[in-house]
Amino acid sequence: MSEVIEIKSPSNLKVIGTVKRMSKDEVRGEIEEAYKGFETISRMPLYKRTAILRKVSEILEREQERLARLLAMEAGKPIKDSRVEVMRASRLFRQAAEEAAIVLEGKNYRVDAYEYPPGNENRIVISTREPIGVVTAILPFNFPINSFAHKVAPAIAVGNSVVVKPSISTPLSAIEMKKILVEAGLPDSAVRIVTGYSNEIGDELITHPLVGLITLTGSTQTGLAIASKAVSLGKRIIMELGGSDPIIVLEDANIDRASSIAVRARYEYAGQNCNAGKRIIVREEIYDKFVKAFKEKVKALKVGDPLDESTDIGPVINQESVEKLNKALEDAQSKGGNVEVLNKGPETGYFFPLSLVTNPSLDMLVLKTEIFGPIAPIVSVKSDEEAINIANSTEYGLQSAIFSNDVNRALKIAKELKFGAIIINDSTRLRWDSLPFGGFKKTGIGREGVRDTMLEMTENKLIAITLL
């Protein structure tokens, strides 16, 4: 058995690095080391932890270009989008530092308002928030730097240590992030990186008795399996899972604006974003005009080398993804859908053609499952009610968008949509890093966002004092 795993760039299939293929015993050792880190940083004054987080933010700004280039090579993300991801991570560490004191402030309860238990007039009751312990953070391939920040920055802010399991497709970014945390002054034991295949080491990350919380961003199937096992062991969970976010375009919408945003929402990072606009639902009155505008804008995109400054769309992450996407298109064709290739990339690498499916039906994979790639189904509907029914028809409920010049009408539709966020006249891709992020149904459990994550990663403790 090989002791290392080669990491290949999805854009040209060249080896760009190697990581250790860890065993269960090695992972167990990393978790035990992380517990030592927890004992250190949980006793560290808050001002020292937040100073470290601010320093991390500064280093990320300084190292933005180097990290962006690594991200472009490792994840196939276009360099201009990679720079944005690093910038977001920098700001997220700073936000965690700024908001930690607010989240950890605690409360003083006026228990003299309650008759029971007797004697409340002579009591003081306060609450504090305390860290849980060791957090397991399981990262996706598509945002290896920003997801690292979303999970690690809040955990460190409140005094937890973290064992990070990056995707085997994009582990190099996480390793670099760990180096930056240590450079900023974090004890080495407070964040540990484990690398290897999930089927070999994943169980240890979930079941180890020193792990108090598991936070995962990944597929619904994987997340729910992990959640079931974790909860049965009394562990806390934050699960950000699948999504199939709809974009509803009403007949009074600005077609040029709606189509431009829809193209970006669907095809950005080759359609591999959890809150990508994966299904486009258009009123029949403007359907043909919208599709025409949509096609023109997709054909104008440049698909190619992620390190090229002019590239808009890069490759998908691996061959498995290519095969899944091919099956989705074959399924659509076999069920009467019109499949059209609008734009192609280079022959070398995991480039998948930017594709369109018109005349889709609800039994097709492109409408009922999460399609993690550059395939856009566009559905024609005759009424707002039909649009709502199609939007709500999947098991997912992350984000959605409505385009209309009638805000009242859009708000009425928003009330009927079962999603964690409804964006009116803008992209499903909008996310505010400090605000709650998550969804309904099988899209996840709990919410991410700096404050929400800190609350999830802490225990609420009451302390009662009876005055003698």
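The questions and answers below concern the sheet and the nonpolar cores of a predicted model.

Reader: Which strands stand at the edges of the open sheet of 7 strands, and why is one side of each left without a neighbour?
Author: The open sheet has mixed pairing and follows the order β12-β13-β14-β11-β10-β16-β17, with a twist that averages 20 degrees from one strand to the next. Each edge strand has a single partner strand, so one side of it is left without a neighbour in the sheet. The strands in question are β12 (338-343) and β17 (421-424).

Reader: In β17, which residue is the bridge partner of I402?
Author: Strand β16, which covers residues 399-403, pairs with β17 in the parallel sense over 4 bridges. The bridge partner that I402 has in β17 is I424.

Reader: At about what angle to β11 does helix α13 run?
Author: Helix α13, made of residues 384-391, lies across β10 (245-249), β11 (277-283) and β14 (375-381). Its angle to β11 is about 165 degrees.

Reader: Which helix gives the most to the largest nonpolar core?
Author: This core has 59 residues, and those with the most contacts inside it include V249, Y267, I280 and I378. Leaving aside neighbours within four places in sequence, I378 is in contact with residues among them I280, F290, F294 and L356. The helix that gives the most to the core, with 7 residues, is α9 (residues 255-267).

Reader: How many residues are in the second, separate core?
Author: Among the members of this second core are V152, A190, Y269 and M457. In soluble globular proteins, nonpolar side chains tend to be buried together. The number of residues in the second core is 54.

How values were computed:
Residues are numbered from 1 along each chain as its sequence is written. This is a predicted model: local features need pLDDT of at least 70, side-chain atom pairs count only at pLDDT 80 or more; totals for chains, interfaces and linings use all residues. Side-chain values use heavy atoms; hydrogens and water are left out. Two strands pair if DSSP finds at least two bridges between them. Helices (H or I, at least four residues) and strands (E, at least two) are DSSP runs, numbered from the N terminus. Axes are lines fitted to C-alpha atoms, for helices over the stretch in contact, and angles run from 0 to 180 degrees between N-to-C directions. Contact means heavy atoms within 4.5 Å. A nonpolar core is a set of buried Ala, Val, Leu, Ile, Met, Phe, Trp, Tyr and Cys residues joined through side-chain atoms within 4.5 Å. Buried means under 20% relative accessible area, exposed over 50%, partly exposed in between (1.4 Å probe, protein chains only).
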